[in-house]
Amino acid sequence: MTMREKILDAAEKRVRGGGFVAMSFRDLASDVGIKSASVHYHFPTKHDLGAALVARYAEQFSERLAEIDQSALRPALESYAALYANALVMNESICLCAIMGAEAIGLPESVNQGTKAFFDMNRAWLEALLQSHGADAPAEHASLIVAALEGGMIIASASNDRSLFDQVTGAAILCIVGKMTA
């Protein structure tokens, strides 16, 4: 693993656990055992680090999306929701782009563009899935699912109650699948 990857890993852990604004290069340097100037060598600015962090997260998420069997709608949606469930570690972390989206007002445009691209990718994947299974209004339902999962993570984390995420996830899937079977 390269030093750049170690820095990105440390940054992701810190951002997912406490937010982008709260993360400092000094903290990252301490986490990986280097001097702060060495973090700047790999990422000249915090904005550069944020953009690289979101791009890497989106790429990894995209790879996981490609592994989901889309032949049956409900299992595909459940597998998709599992990606979000895996990102939710109570009292430790939530989806990186949920944090970045929540902090969007104060973040640089390069980070916000990457976060938007992450959500666009998710909605496009879901829209294609829903459309392939004959859903009405697949774009709207795709947006509903992403919003429900991201919001469910935030509510569960704020409430320290994992069951809230599970409830929101189950309701969102039931809403979509139920409309298709009704």
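This is a short talk about helix H4 and one residue that touches it, Thr-115, in a predicted model.

Okay, hi everyone. Let's start with helix H4, which covers residues 46-66. How far apart should the ends of this helix be? Well, there are 21 residues, and at 1.5 Å a residue they should span 30 Å. The end C-alpha atoms are in fact 30 Å apart, so the model agrees with that expectation.

Next up, the inside of the protein. Quite a list of H4 residues is buried, including Leu-49, Val-54, Arg-56, Tyr-57 and Phe-61. What do the buried residues pack against? Their partners are helices H1, H2, H5, H6 and H7.

Let me zoom in on one of those partners, H5, which is residues 73-87. Two packed helices are described by the angle between their axes and the distance between the axes. For H4 and H5, the angle is about 140 degrees, and the axes sit 10 Å apart. That angle makes H4 oblique to H5, because you'd need over 145 degrees to call the pair roughly antiparallel. The crossing itself is right-handed.

Who's doing the touching? On the H4 side we have Tyr-57, Phe-61, Arg-64 and Leu-65, and they meet Tyr-80, Leu-83, Tyr-84 and Ala-87 of H5. Sorted by type, that contact has seven nonpolar residues, one charged and no polar ones.

Last stop: Thr-115, over in helix H7, residues 109-132. Buried or exposed? Its relative accessible area is 4%, and the cut-off for buried is under 20%, so Thr-115 counts as buried. Leaving aside its close sequence neighbours, Thr-115 touches Val-54, Cys-97, Met-100 and Gly-101. And Val-54, remember, is one of the buried residues of H4. Thanks, that's me done!

Note on methods: Residues are numbered from 1 along each chain as its sequence is written. This is a predicted model: local features need pLDDT of at least 70, side-chain atom pairs count only at pLDDT 80 or more; totals for chains, interfaces and linings use all residues. Side-chain values use heavy atoms; hydrogens and water are left out. Helices (H or I, at least four residues) and strands (E, at least two) are DSSP runs, numbered from the N terminus. Buried means under 20% relative accessible area, exposed over 50%, partly exposed in between (1.4 Å probe, protein chains only). Contact means heavy atoms within 4.5 Å. The expected span of a helix is 1.5 Å times one less than its number of residues. Axes are lines fitted to C-alpha atoms, for helices over the stretch in contact, and angles run from 0 to 180 degrees between N-to-C directions. Angles under 35 degrees count as roughly parallel, over 145 as roughly antiparallel, 65 to 115 as roughly perpendicular and the rest as oblique. A crossing is left-handed if the near helix is turned anticlockwise from the far one by less than a right angle, and right-handed if clockwise. Ala, Val, Leu, Ile, Met, Phe, Trp, Tyr, Cys and Pro count as nonpolar, Asp, Glu, Lys and Arg as charged, and the others, Gly among them, as polar. Lists of a residue's contacts leave out its neighbours within four places in sequence.
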